[in-house]
Amino acid sequence: MLMEGTIIARAVCDAQDRLLEADEPLAGLQERCGGELPGTIAVPELLELVRKARRYGFRLARAVSAHDGGDVITAWVEVEPQGLGEGCQIVVRNWQTAPAPVEDAASVERRRTMIDRHLAELSAQLDAGQRVLAVMSDSAELADVTAAMETGFGQLWTEFLPPENVTNQQPLHWRLLDGVRVAVPGSQRSWRVSLVPHMRPGFDPAGFELLLVSDTPASTAAPAREPMEPMLRRSLVGQDLAPVLRQPISRIIANAETIRTRLAGPLPDAYAEYAGEIAGAGKLLLDLLGDLADLEVVETEGFSTAPDHVDLSELARQAAGILNVRAREKNIVIEAPHAAEALPAVAEYRRVLQVLLNLIGNAIRYSPEQSHIWVRLEAAGDRARVIVADQGPGISQESQEKVFEKFERLGRSGDGGSGLGLYISRSLARAMGGELSVQSAPGQGARFILEVPADLEA
């Protein structure tokens, strides 16, 4: 029996979840949500509740929400199945209408940036003057422009990706270039650039993240490859699968984020949460692909790095700036080296940046909210060191070597990591003629130390 009390509306559905009849205001909501009467239940949370009641075979009751234009409807709904293979009686006992919350412009912009990051087929790091510092892309279509940017570090990004319909002398203010359409040599697709500033309160941007995005998906046709000797191939992940899978997975993540953040229109909270779970699973899969590809590279016989003359202070600030947004989500403060500090070293620029991003990212992941992370520099004779220290739970003495083992996560099965980051980072450090080590104790945080050869001639 349905409980007694004030009834706002009654309805009946059949075993195929079709709403056969309904009183107002439920009938009107059904039609405004795109349904018909009779027709399949169009209110997502009501449909889910009806299906559960039929599946379990007993009465269910809960609050159901739905977007109705610019309003949010919240109703208390009871659903009672009429028997195995039959429909349900539906009773609505409360009905409240409230304006849908308006999201502030800053939040919308942050989410659009997040979506662009997943869709980007090329990303680059720029200094405060919009000059290229590093570039990364797995797209065969963008191989030429990526190679040009890699050999042109220190030049304006517009030298490689000329903006369309812009005749002003470069560089323009970054806000005028954010979202501009650009020409990509050798590509027939339409492209745009998203510039994400690395901001510090009260200061001009310290640098930028450049994201190259196309609204047209890349062709899924596999490029022709020269046959290779089977014995020379240890794995297909890095050379074949990762580039092919990364783009469709990124599209799935971006579409799920669009749904989750309601950029495409109103959506009940429960379905936004489902979309968030899809996006989260996609991100984990994308990270795993990247780690497996890196693992294949560092374990290739004869793997070596290309030594550059770098400033570890600049690289540390760059890594901290890239991860500042993630740190602020947990109210964590990253204290990077001061702009006046310098520590010359001989190591591959992008590999040092990769290691530092992993170390600082791990520190953010395992540190408590409202804590600090310190990135410090240290000169030690012919060695140059970057130290990343956190206020996390710490690592016991017996576990300190295990953290560098392949697939080792020290029992942290739900943290989303692959257990490859530190193994790859240590392999990269050693390939550069350096080392990666840790100093820690339970309850006292951890200090990860990246050591590379010092640039004694600088």
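The exercises below concern charged and polar side chains in a predicted model. Local features need pLDDT of at least 70 and side-chain atom pairs count only at pLDDT 80 or more, while totals for chains, interfaces and linings use all residues. Residues are numbered from 1 along each chain as its sequence is written, and side-chain values use heavy atoms, with hydrogens and water left out.

**Exercise 1. A pair inside one helix**

State which residue forms a salt bridge with E48, and where the two residues lie.

Solution. Step 1: a salt bridge is a side-chain nitrogen of Lys or Arg within 4 Å of a carboxyl oxygen of Asp or Glu. The structure holds 22 salt bridges. Step 2: the partner of E48 is K52, with 3.8 Å between the closest N and O atoms. Step 3: both residues belong to helix 2 (residues 44-56), where they are four residues apart, about one turn of the helix. Helices (H or I, at least four residues) and strands (E, at least two) are DSSP runs, numbered from the N terminus. Step 4: classify the two by relative accessible area, where buried means under 20%, exposed over 50%, and partly exposed in between (1.4 Å probe, protein chains only). E48 has 15% and is buried; K52 has 26% and is partly exposed.

**Exercise 2. A pair between strands**

Determine which parts of the chain are tied together by E451 and R385.

Solution. Step 1: the side chains of E451 and R385 form a salt bridge with an N to O distance of 2.6 Å. Step 2: E451 is in strand 18 (residues 446-453) and R385 is in strand 16 (residues 383-389), so the salt bridge ties together parts 66 residues apart in sequence. Step 3: E451 is buried at 16% relative accessibility, whereas R385 is partly exposed at 23%.

**Exercise 3. A further pair, and a network**

Find the salt-bridge partner of E435, then list the residues of the network that contains E451.

Solution. Step 1: E435 pairs with R426, the closest N and O atoms being 3.5 Å apart. Step 2: E435 is partly exposed at 25% relative accessibility, and R426 is buried at 10%. Step 3: salt bridges with shared partners join E378, D382, R383, R385 and E451 into one network.

**Exercise 4. Polar contacts of S214**

Decide whether S214 is buried or exposed, and identify the backbone atoms that lie by its side chain.

Solution. Step 1: S214 is located in strand 11 (residues 207-214). Step 2: its relative accessible area is 1%, which means that S214 is buried. Step 3: a polar atom of the S214 side chain lies 2.9 Å from the backbone oxygen of S190. The backbone nitrogen of T216 is 3.2 Å from a polar atom of the S214 side chain.

**Exercise 5. Q89 and its surroundings**

Place Q89 in the fold and name the side chain with which its own makes a polar contact.

Solution. Step 1: Q89 belongs to strand 6 (residues 88-99) and is partly exposed at 31% relative accessibility. Step 2: its side chain makes a polar contact with that of Q82 at 3.3 Å. A polar contact is a pair of N or O atoms within 3.5 Å; within protein, one must be able to donate a hydrogen and the other to accept it, and residues adjacent in sequence count only if both atoms are side-chain atoms. Step 3: the C-alpha atoms of Q89 and A11 are separated by 6.1 Å, with the two residues 78 residues apart along the chain.
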